[in-house]
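The following questions and answers concern a single protein chain. Please consult the sequence and the coordinates alongside the text.

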Amino acid sequence: MFKEKDILRELTILYIEDEKIILENITKVLELFVKKVITTDNTSDAFDLYTNETIDIIISDIELKGSSGIDFVKEIRRFDKKIPIIMISGYSRMFPSKSWCRSVVQGHSSVTCCCSRKGLS
């Protein structure tokens, strides 16, 4: 029987975040639980990493300098409908409503939106 910890230890996460301190801190936490965390601060490199590495989960900030995590997810979804994706943001204004979040993920149940403030559950 597998324990959740054992399953997590087999995962590789692609994490996209353009704020250096946040990237470093979240990466340190993720590394406590998963096999490997691959990081980048932009969607161009993220797409290259995704196509050249075996990725199990994508975690992406929504608002990145010079690019959009949302556009990145839409591009990934054109050919991969199954990989779990977590969209995060420290700005609650990025999530005006639950229906907005659903429209962003275009009905894909393997995309989750999270923000740092109350208002979206």
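**Burial and strand pairing in a predicted model**

Ala 46 is buried, its relative accessible area being 0%. The model is a predicted one.

Q: In which helix does Ala 46 lie, and which residues does Ala 46 touch, not counting residues up to four places away in sequence?
A: Ala 46 lies in helix α3. With residues up to four places away in sequence left out, Ala 46 touches Leu 14, Ile 16, Thr 40 and Phe 72.

Q: What distance separates the C-alpha atoms of Ala 46 and Tyr 15?
A: Ala 46 and Tyr 15 are 31 residues apart along the chain. Their C-alpha atoms are separated by 8.2 Å.

Q: Why are the buried residues of α3 on the same side of the helix, and what arc do they cover?
A: In α3, which spans residues 43–52, the buried residues are Thr 43, Ala 46 and Tyr 50. They are placed on the same side of α3 because the arc they cover around the axis is only 50°.

Q: Which elements are included in what covers the buried residues of α3, and which exposed residues does the face turned away carry?
A: The cover over the buried residues of α3 includes strands β1 (12–16), β2 (36–40), β3 (57–61), β4 (63–64) and β5 (67–68), together with helix α4 (69–77). The face of α3 turned away from its buried side carries the exposed residues Ser 44 and Asn 52.

Q: At the start of α3, which backbone nitrogen does a side-chain oxygen of Asn 42 reach, and to within what distance?
A: The contact at the start of α3 is made by a side-chain oxygen of Asn 42. The partner is the backbone nitrogen of Ser 44, reached to within 3.2 Å.

Q: Why does Thr 40 count as buried or exposed, and which residues does Thr 40 touch?
A: Thr 40 is part of strand β2. Its relative accessibility is 7%, so Thr 40 counts as buried. Not counting residues up to four places away in sequence, Thr 40 touches Tyr 15, Ile 16, Glu 17, Leu 23, Asp 45, Ala 46 and Leu 49.

Q: How many bridges join β1 to β2, and what is the handedness of the crossover between them?
A: β1 and β2 run parallel and are joined by five bridges. Ile 16 stands opposite Thr 40 in β2. From β1 the chain crosses to β2 through helix α2 (residues 20–31), and this β-α-β crossover is right-handed.

Q: Why is β3 largely enclosed by the rest of the structure, and which residues are on its two sides?
A: Five of the five residues of β3 are buried, so β3 is largely enclosed by the rest of the structure. In a regular strand, side chains alternate between the two faces of the sheet. Both faces of β3 are covered, with buried Ile 57, Ile 59 and Asp 61 on one side and buried Ile 58 and Ser 60 on the other.

Q: Which residues of β3 and β6 are the bridge partners of Ile 13 and Ile 59?
A: β3 runs parallel to β1, with four bridges joining the two. β3 also runs parallel to strand β6 (residues 85–89), and four bridges join this pair. The partner of Ile 13 in β3 is Ile 57, and the partner of Ile 59 in β6 is Ile 86.

Q: How many helices and strands are there in the protein, and what percentage of its residues is buried?
A: The protein has five helices and seven strands. Of its 121 residues, the buried ones make up 38%.

Terms used: Residues numbered from 1 in each chain as written. Predicted model: local features only at pLDDT ≥ 70, side-chain atom pairs only at ≥ 80, totals over all residues. Heavy atoms only, no water. Buried < 20%, exposed > 50% of the residue type's maximum accessible area, 1.4 Å probe, protein only. Arc of directions from axis to C-beta. Contact = heavy atoms within 4.5 Å. Polar contact = N/O pair within 3.5 Å; in protein donor to acceptor, adjacent residues only side chain to side chain. Pairing = 2+ DSSP bridges. Right-handed = clockwise from strand over helix to strand, strands pointing away.
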